[in-house]
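Me: I would like to learn how to read a protein model step by step. Could you take me through one, giving the general idea before each case?

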Amino acid sequence: MMNFFVKFLEFTQGVGLTLDNNQEGPPNHRPVLAKNLLVLLNYAGMCYVIVFTSLLHWVTSSVCLPGIFHNELQDPQFSFFYHHLFFWYLTINAFGQWLCTILTSIKSVYSTASDLPMFNDSTHQDWFKCTKCDQNVPPRARHCNICERCILKRDHHCLFTGCCVGFHNQRHFILWSFYGIVGTTVALYYLEKYLTIHYVSFLGTEFFKYFLPYALVITIIGKSSFYTFLAIFWFYLTLSTGLFCAYIFFWQMNLIRNGQTSYEFVKGQKIYQSSFWDQMRSVFGPYWVIQFLFPLPWVKQEGDGVTWNYHNTKFM
């Protein structure tokens, strides 16, 4: 099962790298339509995050929780407040990490000659020249033609944030996906309880009523309300989004474990090796455990994204 999961990650990242390389072609040979499409997908992805996060919070706090605790035997006002506050905590953290991913992406940009230290062949042997920026750049930096910049420790360009994931914003990207997993899981739990009370039980003999095609048919013929169909559809959409967040999170954690970027993984490069805990501190900072409970965006991570040590250089 684990081998299948790893192979699936390798396949999807290989496809992503192929698309990434296509959009990184020479500007004069890159189709303008393709770049415009990617820019359009940027806006679409960002709009999806804003709309989905807002709807998820509204459905959970304004529909599911009142519908659940209205029928509870214990004090409904206290229970509602406790659960509502907890979901506010998840929503603020998820949306905040998404914003931090965007706002801190500029720190990973390495694009102008004024940013560069005095170049010296003896001290920068591992640097290379970016032909698109016409400048020398540090190792692990790669050019993005959507951002039109070289990005420190570039992993990939994320269409849901409209920016590249690099050295300075990778931790926010990972924490965003982490809170996406927790938030969607909690929302699914509340939605399941709500539908069990107001529709049918997920674990009962009528569980087949949750199959989306069946729910659509009985809605069309008038045996179920359109409101119920929307709730079931929202369940599937939330589940899909949560699974996608889980994919992102575990993929990024796998890269941290291997000391790689997505590009280096697909290319089979294991050049910058250190212990897992050193890698965690490089991404999240010295208090990486606390970051998952109470994000600390002001705490600096270890390293500068420019200088990298070579350890156990090998190729997979």
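**Reading a predicted model**

Reply: Let us begin with a single residue and its surroundings, keeping in mind that this is a predicted model. Once neighbours within four places in sequence are left aside, Tyr190 is in contact with Thr60, Cys64, Leu65, Ile68, His83, Phe86 and Phe87.

Me: Which residues have the most contacts inside the largest nonpolar core, and which helices supply it?

Reply: The general idea is that in soluble globular proteins nonpolar side chains tend to be buried together. In this model the largest nonpolar core has 27 residues, and Phe87 and Tyr190 are those with the most contacts inside it. At least two residues of this core come from each of α2 (32-69), α3 (76-103), α4 (170-198) and α6. There is also a second, separate core of 12 residues, which includes Ile181, Val283, Phe284 and Phe292.

Me: How many helices and strands are there in the chain, and what percentage of its residues count as buried?

Reply: The chain contains nine helices and eight strands, and 46% of its 316 residues count as buried. If you take the contacts with a separation of 6 or more, 62% of them are accounted for by residues 24 or more positions apart. The accessible surface of the chain comes to about 17,300 Å², and carbon and sulfur atoms hold 68% of that surface.

Me: At what angle do helix α6 and helix α8 pack, and how should I describe it?

Reply: The angle between two helix axes is given a descriptive word, and angles of 65 to 115 degrees count as roughly perpendicular, while those over 145 count as roughly antiparallel. Helix α6 (residues 226-258) and helix α8 (residues 276-284) pack at about 120 degrees, with their axes 8 Å apart, and α6 and α8 are therefore oblique to each other. On the α6 side the contact is made by Met253, Ile256 and Arg257, and on the α8 side by Phe276, Gln279, Met280, Val283 and Phe284. Sorted by class, this contact of α6 with α8 has six nonpolar, one polar and one charged residues.

Me: Which residues of α8 are buried, and what do they pack against?

Reply: It helps to recall that an α-helix has 3.6 residues a turn, so residues three or four places apart point the same way. In α8 the buried residues are Gln279, Met280, Ser282, Val283 and Phe284, and the buried residues of α8 pack against α4, α6 and α9 (288-291). After α8 comes Gly285, which has a positive phi near 100 degrees.

Me: Is Tyr210, in the loop between α4 and α5 (212-220), buried or exposed?

Reply: A loop position alone does not settle this, and one should look at the relative accessibility, where under 20% means buried. Tyr210 counts as buried because its relative accessibility is 5%. Not counting residues up to four places away in sequence, Tyr210 touches Leu195, Thr196, Tyr199, Val200, Ser201, Phe202, Ile232 and Tyr236. By contrast, Ser274, in the loop between β7 (269-270) and α8, counts as partly exposed at 35% relative accessibility.

Me: Which residues other than glycine have a positive phi, and where are they?

Reply: Among them is Arg140, whose phi is near 75 degrees and whose place is in the loop between β2 (135-137) and β3 (142-144). Lys153 is not a glycine either, and has a positive phi of about 45 degrees; Lys153 is found in the loop between β4 (149-151) and β5 (156-158). Arg140 counts as buried at 7% relative accessibility, and Lys153 is buried with a relative accessible area of 7%.

Key: Residues numbered from 1 in each chain as written. Predicted model: local features only at pLDDT ≥ 70, side-chain atom pairs only at ≥ 80, totals over all residues. Heavy atoms only, no water. Axes fitted to C-alpha atoms, helices over the stretch in contact; angles between N-to-C directions. Helix = DSSP H or I, 4+ residues; strand = E, 2+ residues; numbered from the N terminus. Parallel < 35°, antiparallel > 145°, perpendicular 65-115°, else oblique. Contact = heavy atoms within 4.5 Å. Nonpolar A, V, L, I, M, F, W, Y, C, P; charged D, E, K, R; others polar. Core = buried A, V, L, I, M, F, W, Y, C linked by side-chain atoms within 4.5 Å. Buried < 20%, exposed > 50% of the residue type's maximum accessible area, 1.4 Å probe, protein only. Areas by Shrake-Rupley, 256 points an atom, 1.4 Å probe, with all protein chains shown as cover.
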